[in-house]
Amino acid sequence: MLPLLACASFLAVACGVPISAADLTRTPQATPDSLGLSQVALASKAADPQSATGQRSAALAPALTAQPSLTPLSTPTTAAGTATDAAASATATPTPSGTPPTPTPTPDPSAMVSEALQVLNKYRADSGRPQLRLDPNLAAAAAAYAKVMGDNSWFTKTSDPHTGPDGSQPETRIARAGYAGRFLGEALAAGQATGRDVVYGWLNSPPHAAIILDANAVDVGVGYYYEPGDYYSSYWVLVTGAP
């Protein structure tokens, strides 16, 4: 499992300290390999009761590995066969070879978010906590910021993905979207291919699990954005609040 770097001020978790697999407690022990994930990034930010902005977190992005290129092999020909081969190639009709690759379907954001919410609320219920209600304003803020992260490859361009390219913070983004309640926490992720994968990835990290399982949380918004050709491709945002 890749080390996770995250901060949650109310948990007194130090910034920049890797969280090893041995430290992941109270949550399902799913690893990137067991979930079929080759690239994962997580980051969390919780509201600081003594600060309007809270503390910030960093996400560790895996390095890109260059793949070797392959050149086609050719079969040597003799001088005697050159003229014959040339004549044959001039009259031969080219035929397609192989089967065209099947295009990868674009994920449905609404289905991805629905799965994430279902898994999230089932885990809260199993843990004795009330289910979170989907707030349309929080959902709009989460979806908009997921797109921002995808459009800007934000996990690989900054050490603090919670601060947007425009300098915005989670508190300002949800207020801008029309949410009038209190900001409680924001969890970010990139590289997870399903709603189940991203929720279990968050639950396997104590700072992220604390945001999801916060007993004070009432409202939630989850956003998903797919950026084809990007290193992570899938970008996720979860934000919680209370009236």
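Helices (H or I, at least four residues) and strands (E, at least two) are DSSP runs, numbered from the N terminus. The model in these views is predicted.

**Figure 1. Overview of the chain, with its seven helices and five strands.**
The elements follow the order β-α-α-β-α-α-α-β-α-α-β-β, starting at the N terminus. The chain has 243 residues, and 43% of them count as buried. When contacts between residues at least 6 apart in sequence are taken, 74% join residues at least 24 apart. The views that follow begin with a pair of helices and then turn to single residues in helices, strands and loops.

**Figure 2. Packing of helix 2 against helix 6.**
Two packed helices are described by the angle between their axes and the distance between the axes. Here helix 2 (residues 109–126) meets helix 6 (residues 195–203) at an angle of about 40°, and their axes are 7 Å apart. Angles under 35 degrees count as roughly parallel and those from 65 to 115 as roughly perpendicular, so helix 2 is oblique to helix 6. The two helices cross in a right-handed sense. Helix 2 brings M112, E115, A116, V119, L120 and Y123 to the contact, while helix 6 brings G195, R196, V198, V199, Y200 and L203. By type, the residues in this contact are nine nonpolar, one polar and two charged.

**Figure 3. Helix 6 and the elements that cover its buried residues.**
Helix 6 is largely enclosed by the rest of the structure, because seven of its nine residues are buried. These buried residues are G195, D197, V198, V199, G201, W202 and L203. The cover over them includes strand 1 (41–46), strand 3 (182–190) and strand 5, together with helix 2 and helix 7 (206–212).

**Figure 4. V113 of helix 2 and its neighbours V222, G223 and Y224.**
V113 has a relative accessible area of 14%. Buried means under 20% relative accessible area, so V113 is buried. Leaving aside residues up to four places away in sequence, V113 touches V222, G223 and Y224. In sequence, V113 and Y224 are 111 residues apart, yet their C-alpha atoms are 6.5 Å apart in space.

**Figure 5. S233 and S234, in the loop between strand 4 and strand 5 and in strand 5 itself.**
S233 belongs to the loop between strand 4 (219–226) and strand 5. Its phi is near 70°, a positive value in a residue other than glycine. S233 is buried, at a relative accessible area of 17%. S234 lies in strand 5 (residues 234–242) and is also buried, at 6% relative accessibility. The side chains of S234 and Y224 form a polar contact (2.8 Å). Not counting residues up to four places away in sequence, S234 touches A189, A190, G191, Q192 and A193, and also Y224, Y225 and Y226.

**Figure 6. Q192, in the loop between strand 3 and helix 6.**
Q192 has a relative accessible area of 1% and is buried. A polar atom of the Q192 side chain lies 3.2 Å from the backbone nitrogen of A190. Q192 is also among the residues that S234 touches.

**Figure 7. Y179, in the loop between helix 5 and strand 3.**
The loop that holds Y179 runs between helix 5 (170–176) and strand 3. Y179 is buried, with a relative accessible area of 7%. The Y179 side chain reaches the backbone nitrogen of A242 at 3.1 Å. Beyond residues up to four places away in sequence, Y179 touches D135, N137, L138, I174, D219, G241, A242 and P243. The C-alpha atoms of Y179 and P136 are 8.6 Å apart in space, and these two residues are 43 residues apart in sequence.

**Figure 8. S153, in the loop between helix 3 and helix 4.**
Helix 3 (136–152) and helix 4 (154–157) lie on either side of this loop in sequence. S153 is not a glycine, although its phi is positive, at about 45°. S233, shown in Figure 5, is another residue other than glycine with a positive phi.

Notes: Residues are numbered from 1 along each chain as its sequence is written. This is a predicted model: local features need pLDDT of at least 70, side-chain atom pairs count only at pLDDT 80 or more; totals for chains, interfaces and linings use all residues. Side-chain values use heavy atoms; hydrogens and water are left out. Axes are lines fitted to C-alpha atoms, for helices over the stretch in contact, and angles run from 0 to 180 degrees between N-to-C directions. Angles under 35 degrees count as roughly parallel, over 145 as roughly antiparallel, 65 to 115 as roughly perpendicular and the rest as oblique. A crossing is left-handed if the near helix is turned anticlockwise from the far one by less than a right angle, and right-handed if clockwise. Contact means heavy atoms within 4.5 Å. Ala, Val, Leu, Ile, Met, Phe, Trp, Tyr, Cys and Pro count as nonpolar, Asp, Glu, Lys and Arg as charged, and the others, Gly among them, as polar. Buried means under 20% relative accessible area, exposed over 50%, partly exposed in between (1.4 Å probe, protein chains only). A polar contact is a pair of N or O atoms within 3.5 Å; within protein, one must be able to donate a hydrogen and the other to accept it, and residues adjacent in sequence count only if both atoms are side-chain atoms.
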